[in-house]
Amino acid sequence: MYFKLVGLLSLGLMFFGACKPATPVPTATITSSVANNVVTFSLKTTNSSAYKWKFGDGDTAIVYSSAAIVHAYPKDGTTYSVSLLVLGPGGENTASTTVTIPTMTPMDKLTGGSSFTNGKAWRVSASYGITLAAPDSIMTLVENFPIGILTNIQLSLAYTDKYIFFSNGNYSINNLGGGALAGLTYCAAKGIPNVAPQLTDSLGLTYATPLTPPDNLTFSWNAGKNLTIAATSDGKATTNVTYRNVNTLSFSNGGYFGLLDYASECVVLLLAPTQMTVAYFSSDLPAQSPQIGKITSVLIVTLEVVP
């Protein structure tokens, strides 16, 4: 009798366990909306708690706790394959989709277009070095400086300043460092207070502070322009150098972009949705030089979109 009871009890437990419902495996369906290079992904999910995305642009997998995520893609005119691993108490599942980033105009890349009502902010990137070039017609390489060079020469505040472009042509500067990356000669000649770098090899740069950026600024994108600058190689003779069929940015009312120096117009060598490479013109002549203000060097700098 005892063995019968035990057997019936065991059978009942087995039956109860078999009837207990399993935790469902999560499911997900991806939808997306595209605004220039910025994609908003949304999910319809069940039984999910975390989402591991691969956006298809060389990024590493990222885990989020939110079912909606925004991602900015680095190239326009490109289709990306997106994959998602959905995690939940019942296990995991996968979902995938593709997104196509439309071909963007230079103004869209620069400003984000009309959907960016707060403008698109750029900053000097600490992830790239700076190239020093000669102010000749081909910008001959002089020297490459390493990643984070501005930190190395005590000018790291320059990496914090933001330059904001709006689709209507307005422009503003949010100098979170309190000043501006500037030419040392320019500051000396103009009587602008500055923080002199502690190292001797400074590319003729300083950080001008305190400095209040001008208000009511505008910018112009100039495509295919022939830009002429007055350059000097020895501080004595001046040569006019013309850069033909280049894209430039120019600014009103004393505006500057990335570097405050005698020449505010800069050449844009590369413009992508999340990155640009700019050639700035700089003068590092002594402040008392008769050729003061003439360009002695070109600084090639990479900027990135502020996240």
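Two strands are said to pair if DSSP finds at least two bridges between them. In this predicted model, strand 1 and strand 2 (residues 38-46) go well past that requirement, for nine bridges hold them in an antiparallel pairing. Along this ladder, Thr29 faces Lys44 of strand 2, and Val34 has Val39 of strand 2 as its bridge partner. The turn of the hairpin leaves two residues between the strands, and Asn36 adopts a positive phi near 55° there.

The pairing carries on beyond the hairpin. Strand 2 is also joined to strand 5, again running antiparallel, by four bridges. One of the residues to look for here is Phe41, whose bridge partner in strand 5 is Ile69. Taken together, three strands make up an open sheet with antiparallel pairing, in the order 1-2-5. Strand 1 and strand 5 (69-72) form the edges; each has a single partner strand, so one side of each is left without a neighbour in the sheet. From one strand to the next, the twist averages 25°. A helpful point to keep in mind while viewing such a sheet is that side chains in a regular strand alternate between its two faces.

Val34 offers a good place to pause. This residue belongs to strand 1 (residues 27-35). Is Val34 buried or exposed? The answer lies in between: its relative accessible area is 40%, and Val34 counts as partly exposed because buried means under 20% and exposed means over 50%. Apart from neighbours within four places in sequence, Val34 is in contact with Val39, Thr100, Ile101 and Pro102. Val39 thus appears both as a contact and as the bridge partner of Val34. By comparison, Ala134 lies 100 residues from Val34 along the chain, and the C-alpha atoms of the two are separated by 41 Å.

Attention can now turn to empty space. Rolling a probe the size of a water molecule over the atoms shows where such space remains. The largest pocket has a volume of about 420 Å³. Its lining consists of 18 residues, and those nearest the centre are Ala72, Thr274, Val305, Val306 and Pro307. Two or more lining residues come from each of strand 8 (120-124) and strand 20 (297-305), with strand 8 giving the largest share, three residues. Sorted by class, the lining of the largest pocket contains nine nonpolar, six polar and three charged residues.

Key: Residues numbered from 1 in each chain as written. Predicted model: local features only at pLDDT ≥ 70, side-chain atom pairs only at ≥ 80, totals over all residues. Heavy atoms only, no water. Buried < 20%, exposed > 50% of the residue type's maximum accessible area, 1.4 Å probe, protein only. Contact = heavy atoms within 4.5 Å. Axes fitted to C-alpha atoms, helices over the stretch in contact; angles between N-to-C directions. 1 Å grid on protein atoms, 1.4 Å probe; cavity = no way out; pocket = protein on both sides within 12 Å on 5 of 7 lines; lining within 4 Å. Points joined across faces, edges and corners; volume = space filled by probe spheres on them. Nonpolar A, V, L, I, M, F, W, Y, C, P; charged D, E, K, R; others polar.
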